[in-house]
Amino acid sequence: MHDFRSDTVTKPSDELRKIMAAAPVGDDVYGDDPSVNRLQDYAKEKFAVEAALFCSSGTQANLLALMSHCQRGQEYICGQQAHNYKYEAGGAAVLGSIQPQPIINQIDGSLAVSDIESAIKAEDFHFAQTRLVSLENTIGGKVLPQGYTQQVKELCDKRKLALHLDGARLFNASVKQSRSIVDLTGDFDSFTLCLSKGLGAPVGSLVLGSKDFIERATRLRKMLGGGMRQAGILAAAGQHVLENNVERLAIDHDNAMLLAQGLSQIEQLRCEPSQVQTNIVYAHCQPEHTYALANYLEQKGILLSAGAPIRFVTHLNVDQQSVNYLLDNIKAYFASN
């Protein structure tokens with residue numbers, strides 16, 4: 001199958017499976033899994049934070065961050081399109097009793113600083129207490145503009161708020177802007193990194209921040225059932241992809257642009273290559289064709305996320321040949337319909 005649904009669908013290579021099988025392991029709940037400890041220490045040093053914690057998923061990592069920053073009855077400000085608001089099953093509200101305060105994302109994925117400030121609640125016992133601002137980079141495949149997070153940080157410092165970053169695809173932003181993760185996260189009190197998207201690990205994310213923050217997150221991870229025992233077989237995969245698979249994300253970006261340019265030449269679709277920055281491409285299709293096209297492509301061994309718009313995601317298991325095969329079959333569908 002040529003799977004364009006998400007960069008979460010990547011399969012571990014034979015080399016990666018061998019690394020996982022050979023990983024030294026212990027009981028991570030006791031803190032003695034050497035592969036987990038190595039990964040957390042590596043991340044701590046590489047990304048210039050006091051501590052890092054290995055988690056089962058990006059959703060869990062974000063939830064731990066939100067619950068570590070906010071108490072019951074407090075709130076966090078985020079975007080209407082934020083993953084930790086829209087796509088994580090309401091976990092902060094259900095499990096943390098934390099109220100989300102979503103505001104409109106701008107066309108570049110950012111939140112207007114003036115909108116953030118307007119959303120901060122007054123110190124009045126009628127209101128939830130605003131405690132945190134949460135941003136996302138990339139969001140919808142778009143990279144937050146340079147200099148923007150510093151503006152948000154200045155507001156957060158002025159209003160005594162914490163600042164969190166959902167960095168599930170932050171490595172894509174890093175490669176796109178040729179900026180280090182340290183540079184991209186310097187304004188944040190905490191951030192997450194996903195190892196199982198474009199980097200290609202089968203499982204896992206990291207949440208990073210101060211020592212005290214990670215101590216709270218570790219306790220919450222146990223409470224939420226995230227204490228994984230011999231997790232070194234997973235952490236070893238995360239270690240490998242961090243060390244080897246970051247720079248190759250540029251290939252995914254090139255393939256996404258190739259795809260966007262090809263889609264823009266198909267008259268039945270509307271796709272703007274100028275809006276493609278990393279590995280996510282959107283194309284608008286007439287409603288009567290959207291799901292019929294997806295069904296046709298599935299019969300040809302191609303999977304995608306049908307909707308309004310259709311989303312395509314490039315990753316290490318789809319190459320330029322896959323992109324050309326996809327474009328040829330989309331053209332074939334419209335030629336016969």
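**Figure 1. Helix 2 and helix 11 pack against each other at an angle of about 35°.** In this predicted model, helix 2 spans residues 34-46 and helix 11 spans residues 232-244, and the axes of these two helices lie 7 Å apart. The crossing that helix 2 makes as it passes helix 11 is left-handed. From helix 2, the residues Ser35, Val36, Arg38, Leu39 and Tyr42 take part in the contact, while helix 11 contributes Gly232, Ala235, Ala236, Gly238, Gln239, Leu242 and Glu243. When the residues of this contact are sorted by character, six are nonpolar, four are polar and two are charged.

**Figure 2. Seven strands form an open sheet with mixed pairing.** Read across the sheet, the strands follow the order 2-8-7-6-5-3-4. Strand 2 (51-55) and strand 4 (99-103) are the edge strands, each of them pairing on one side only. On average, and with direction ignored, neighbouring strands of this sheet are turned by 20° against each other. Helix 2 packs on the sheet, where it touches strand 2 and strand 8, and the direction of helix 2 makes about 135° with that of strand 2. As a reminder for reading this view, strands of a sheet pair through backbone hydrogen bonds, in either a parallel or an antiparallel manner.

**Figure 3. Strand 6 is mostly covered, and runs parallel to strand 5.** Strand 6 is made up of residues 162-167, and six of its six residues are buried. Ala162, His164 and Asp166 point one way from the strand, whereas Leu163, Leu165 and Gly167 point the other way, and the residues of both groups are buried. Strand 5, which covers residues 129-136, is joined to strand 6 by five bridges. Within this pair of strands, Ser134 stands opposite His164 of strand 6.

**Figure 4. Lys197 sits in the loop between strand 7 and strand 8.** Strand 7 (190-194) and strand 8 (205-209) lie on either side of this loop in the chain, and the two strands pair in the antiparallel sense over five bridges. Cys194 stands opposite Ser205, which belongs to strand 8. At Lys197, an unreviewed UniProt entry places the feature "modified residue: N6-(pyridoxal phosphate)lysine". Lys197 counts as buried because its relative accessible area is 14%, which is under the 20% limit used for that term. Leaving aside residues up to four places away in sequence, Lys197 touches Asp7, Thr8, Thr10, Ala168 and Arg169.

**Figure 5. Three strands form an open sheet with antiparallel pairing.** The order of the strands in this sheet is 9-10-12, and its edges are strand 9 (269-270) and strand 12 (310-313), each of which pairs on one side only. Strand 9 and strand 10 pair in the antiparallel sense over two bridges, and here the bridge partner of Leu269 is Cys285 in strand 10. Strand 10, made up of residues 280-285, is joined to strand 12 by four bridges, and these strands also run antiparallel. In that pairing, Val281 has Phe312 of strand 12 as its bridge partner.

**Figure 6. Asp115, in helix 6, is partly exposed.** Helix 6 covers residues 113-119. The relative accessibility of Asp115 is 30%, and the residue is therefore called partly exposed, since this term applies between the 20% limit for buried and the 50% limit for exposed residues. Not counting residues up to four places away in sequence, Asp115 touches Ile103 and Gln106. The C-alpha atom of Asp115 is separated by 27 Å from that of Val207, a residue 92 places away along the chain.

**Figure 7. Ser322 is a buried residue of helix 14.** Helix 14 runs over residues 320-335. Ser322 is counted as buried because its relative accessibility is 4%, under the limit of 20%. With residues up to four places away in sequence left out, Ser322 touches His2 and Phe4.

**Figure 8. An annotated domain covers residues 3-284.** The annotation, which comes from an unreviewed UniProt entry, reads "domain: Aromatic amino acid beta-eliminating lyase/threonine aldolase". Over these residues the chain is 41% helix and 17% strand, and the C-alpha atoms at the two ends of the stretch are 19 Å apart.

How values were computed: Residues numbered from 1 in each chain as written. Predicted model: local features only at pLDDT ≥ 70, side-chain atom pairs only at ≥ 80, totals over all residues. Heavy atoms only, no water. Axes fitted to C-alpha atoms, helices over the stretch in contact; angles between N-to-C directions. Left-handed = near helix turned anticlockwise from the far one by under 90°. Contact = heavy atoms within 4.5 Å. Nonpolar A, V, L, I, M, F, W, Y, C, P; charged D, E, K, R; others polar. UniProt positions renumbered as here; feature names shortened; annotations may be inferred. Buried < 20%, exposed > 50% of the residue type's maximum accessible area, 1.4 Å probe, protein only. Pairing = 2+ DSSP bridges.
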